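Work through the three exercises below with the sequence and the coordinates at hand. Each task is followed by a solution that goes step by step.

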Amino acid sequence: MSKAVLLIFLIFLSSSCFNKGDCLITASELTRIDLYQKTDKQPKTILFLSITASGYGTTFQQDSVNSSTLLIPVNPNGDTTRFTFNYGEKSDFITVSYSSATRIIAPDCGAFTYYSNLGIVNTSFDRSLIKLVNTRLLRNPANNKNATNLQLFF
Amino acid sequence: MLPTCNFFFSLLLALVTTVSAFAQDKEKPADTLKGKFLPTGIRLGTDAISIIKSRMGNNFSGWEANADVDFYRYYATMDYGNWSRHEVLTNGDYTNNGTYFRIGVDCNFLLKDPDRNMFFIGFRYGHSTFSETVNYTDSTSNFGVISKSISNAGLQGHWGELTTGLRVKIWPGFWMGYTARMKFVPGVKGAGALAPYDMPGYGLLSKAPYWGFNYQLFWRIPFRKAKGALRGK
């Protein structure tokens with residue numbers, strides 16, 4: 001019996017460290033899309049004349065984006081958003097669906113909306129040229145970079 | 001041939017040993033624990049910390065009632081409480097409200113103490129029914145600041161606890177003491193768009209194990225006189 005008491009006491013003792021939560025916020029409403037060449041799978045820079053994201057009462061728009069990485073916001077008031085890409089003389093779109101959940105980190109940090117279950121609902125791109133690599137929209141607080149969600153091959 | 005002989009010899013030895021063991025059982029004196037497992041009283045109590053926290057602070061309101069019944073060195077325990085919390089967040093506020101109960105068993109290690117003082121170790125199963133709401137502003141880089149109000153209603157939660165503590169007799173019929181709790185494996189059913197944050201009876205769901213501490217006051221109502229020299233009435 002005394003061994004059992006000692007064991008339980010040690011369990012209590014070993015888990016008695018109090019740690020105040022750090023404000024490590026990984027929430028992001030941005031979808032990261034990385035662009036690649038479909039031939040050699042190397043990053044590809046493309047000049048987009050504009051990129052729009054459908055939203056509630058407003059539309060996000062980026063003009064003249066020349067990059068191999070895109071960060072496009074999802075509509076925080078909905079569960080689907082349509083991204084429209086205008087490049088060269090073409091216009092393509094990707095409609096994504098997602099779910100959102102509010103998480104309270106700590107009173108000193110606040111409440112944040114986390115997006116997950118990202119999926120492709122519809123697209124005008126060749127479906128085989130889009131790869132969904134991460135269904136959660138997350139930002140690394142250490143380097144402020146978003147995790148890649150989609151890979152798009154041109 | 002030799003292995004077969006060994007087998008029969010072993011079987012015979014086992015048979016003889018078993019028969020002699022049964023014979024010894026018949027000669028044992030009467031069980032001295034007979035009747036000791038009948039409860040001798042019920043102790044009713046409350047948690048002083050919950051009452052003080054409710055009076056002193058403005059972000060917690062709650063109470064807790066406790067009861068235990070003795071069965072020899074074991075005590076069947078039950079706690080029932082109410083818990084309401086309001087937290088101011090940097091970008092909003094959070095409130096919850098609910099009731100909880102715990103049931104379990106304590107094992108008393110001061111069995112022969114004449115005043116029914118206790119040093120105990122036990123376990124509990126906890127269950128909570130609660131609702132919660134968060135109102136906050138979500139600052140997005142592209143859609144501006146959005147106000148949100150998200151609620152969870154009718155949540156059902158449960159957890160387990162390892163407990164230890166003391167009960168010390170202060171006056172006849174009155175005990176004081178503490179219970180330290182290590183709460184673990186919390187689970188909540190019925191959550192919607194808000195990840196459950198604070199479960200009444202448990203605490204912050206992001207922390208497991210989580211610690212709890214009660215300072216309790218107990219009054220004992222005796223049913224009958226205990227066998228032996230106990231005088232805790």
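**Exercise 1: the surroundings of one residue**

Leaving aside the neighbours within four places in sequence, Asn91(B) is in contact with Gly110(A), Ala111(A), Tyr136(B) and Thr137(B). The model is a predicted one, and the task is to place Asn91(B) in its chain and to decide whether Asn91(B) is buried, exposed or partly exposed.

Step 1. Begin with the position along the chain: Asn91(B) belongs to the loop between strand E3 (74-89) and strand E4 (92-108) of chain B.

Step 2. Take one of the contacts, Tyr136(B), and compare sequence with space: Asn91(B) and Tyr136(B) are separated by 45 residues in sequence, while their C-alpha atoms lie 5.4 Å apart.

Step 3. Count the C-beta atoms around the residue: a residue is buried if 20 or more others lie within 10 Å of its own and exposed if 12 or fewer do. Asn91(B) has 17 other C-beta atoms within 10 Å, and is therefore partly exposed.

**Exercise 2: the contact between the chains**

Describe how many residues each chain brings to the contact, and which elements of chain A supply the side that touches chain B.

Step 1. Chain A contributes 23 residues to the contact, and chain B contributes 26 residues.

Step 2. On the side of chain A that touches chain B, at least two residues each come from helix H1 (2-14), strand E6 (90-106) and strand E7 (110-123) of chain A. The most is given by E6(A), with five residues.

Step 3. Sorted by class, this side of chain A consists of twelve nonpolar, eight polar and three charged residues.

**Exercise 3: an open sheet in chain A**

Work out the strand order of the four-stranded open sheet in chain A, and state in which sense E11(A) pairs with strand E8 (residues 130-132) of chain A.

Step 1. Strand E1 (residues 30-36) and strand E11 (residues 148-153) of chain A run parallel and are joined by five bridges; in one of these pairings, Arg32(A) has Thr148(A) of E11(A) as its bridge partner.

Step 2. E8(A) pairs with E11(A) in the antiparallel sense, over three bridges. Here Ile130(A) has Leu152(A) as its bridge partner in E11(A), and Lys131(A) stands opposite Gln151(A).

Step 3. The four strands of the open sheet thus follow the order E4-E1-E11-E8 in chain A, with mixed pairing. Strand E4 (69-73) and E8 of chain A are the edge strands, each pairing on one side only, and the twist from one strand to the next averages 25°.

Methods: Residues numbered from 1 in each chain as written. Chains lettered and ligands numbered in written order. Predicted model: local features only at pLDDT ≥ 70, side-chain atom pairs only at ≥ 80, totals over all residues. Contact = placed C-beta atoms within 7 Å. Nonpolar A, V, L, I, M, F, W, Y, C, P; charged D, E, K, R; others polar. Pairing = 2+ DSSP bridges. Axes fitted to C-alpha atoms, helices over the stretch in contact; angles between N-to-C directions.
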